[in-house]
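Open the model in your viewer and switch on the cartoon with side chains available. The stops below are meant to be selected one after another.

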Amino acid sequence: MTEFAGRRVVIAEDDPDTLAALGRLLVAERFEVLTATDGEAALELVRERDPDLVLCDVLMPERDGFDVCAAIKDDPDTRLVPVVLITGLGDREDRIRGIEAGADDFLTKPFERVELLARVRSLLRLKSYTDELERAETVLFALARSIEAKDPYTEGHCERLALYASDLGRYLGLPEDQILALRRAGTLHDIGKVAVPDTILLKPGPLSPEEQAVMREHTVVGERICASLRSLQLVLPIIRHHHERLDGTGYPDALAGEEIPYTARVLQVVDVYDALSTDRPYRKAQSPARALSILQDEADRGWWDPIVVTAFTNMVRDQPAA
């Protein structure tokens, strides 16, 4: 039995002889093999069965291998699944098309058994590392939600911020990696509150100066918790700086103006809006219009980025259902 016994591999190949040969080879290595004879069926298997690897012929009916690969890589739920394109064509342009579609590797027909297995094992090993990182991220997200669940007044806050922030990032025309960072930061921005005692975190009245100092440490602690994951590097400045103010009176570093990372300025605005528009122990929720008005007043006071506040206001008015 190999170290990858039981790992799930989808083979998409319309030639029955090649499909049978690949299947026999991988079953002999104790992989779980799923097969499809056209591109559309292959995509259905990938979405439904969560494979560890896809071997995909380039020339197939319904959707060709380039299209299948691009669809897998464009879907956030499947983009980390390695895809090997199998082709009998030696044309350089086909490899370029495959690279553009996001292919992780290529095999040329007729393929060598030893080469095929070496490539499959290499990509499965890489997938194992990716899965470990995903599990670590899952633990962090679960921790962040458990902190939120302590306080009934903040229930749903993380999910709303993830939605607001990513929507606003898209409205502002930010690149996709920053939009993803905003979505993740919406959930993880307050993870550092795990180090704040419940007596402070859940206190219904105003905090003393000493308690405020403890609470303010959550931004630094949160950054430290997430710093070991390379996949969260774009999230770290948002976590650390989402309580800075444009006039330099925020924390933890008293940054001012352009010193505050732009993505942190985006999250600040939606964080304040959500706080204003939901119930708190010390006041009832403001109406959306009133919350936007307060946001604008605070931007005029020099706290928040006025361009981001204006963009958020326009987004809310343009998309009232959201």
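Select Ser166 first. Ser166 is buried, because its relative accessibility is 4% and the cut-off for buried is under 20%. Keep in mind that this is a predicted model. The residue sits in helix 6, which covers residues 157-171. Show its side chain: a polar atom there lies 3.2 Å from the backbone oxygen of Leu163. Now display what surrounds Ser166. Beyond its neighbours within four places in sequence, Ser166 is in contact with Ile179, Leu182 and Arg183.

Go next to helix 7, residues 176-188, and pick Thr187. Is Thr187 buried or exposed? Thr187 counts as buried, since its relative accessibility is 4%. Add Phe141, Ala144, Arg145, Cys158 and Ala162 to the selection; these are the residues that Thr187 contacts once neighbours within four places in sequence are set aside.

Then bring up the largest nonpolar core, a set of 46 residues. Leu168, Leu188, Cys226, Val270, Tyr273, Leu295 and Phe312 have the most contacts inside this core. Elements that give it two or more residues include helix 5 (113-149), helix 6, helix 7, helix 13 (288-300) and helix 14 (306-318). Which helix supplies the largest share? That is helix 12, with seven residues.

Stay in this region and select Tyr273. Leaving out residues up to four places away in sequence, Tyr273 touches Tyr164, Pro288, Ala291, Leu292, Leu295, Phe312 and Val316. Another core lies apart from the one just visited; it has 23 residues, and Val10, Val46, Phe66 and Leu85 are among them.

For the last stop, select strand 1, residues 8-12. Four of its five residues are buried, so strand 1 is largely enclosed by the rest of the structure. Add strand 2, residues 32-36: the two strands pair in the parallel sense over five bridges. Within this pairing, look for Val9, whose bridge partner in strand 2 is Val33. Follow the chain from strand 1 through helix 1 (residues 16-28) to strand 2, and you trace a right-handed β-α-β crossover.

Finish with strand 3, residues 53-57, which runs parallel to strand 1 and is joined to it by four bridges. Ala12 stands opposite Cys56 of strand 3. With side chains shown, one point helps in reading this part of the view: in a regular strand, side chains alternate between the two faces of the sheet.

Definitions and conventions. Residues numbered from 1 in each chain as written. Predicted model: local features only at pLDDT ≥ 70, side-chain atom pairs only at ≥ 80, totals over all residues. Heavy atoms only, no water. Buried < 20%, exposed > 50% of the residue type's maximum accessible area, 1.4 Å probe, protein only. Polar contact = N/O pair within 3.5 Å; in protein donor to acceptor, adjacent residues only side chain to side chain. Contact = heavy atoms within 4.5 Å. Pairing = 2+ DSSP bridges. Right-handed = clockwise from strand over helix to strand, strands pointing away. Core = buried A, V, L, I, M, F, W, Y, C linked by side-chain atoms within 4.5 Å.
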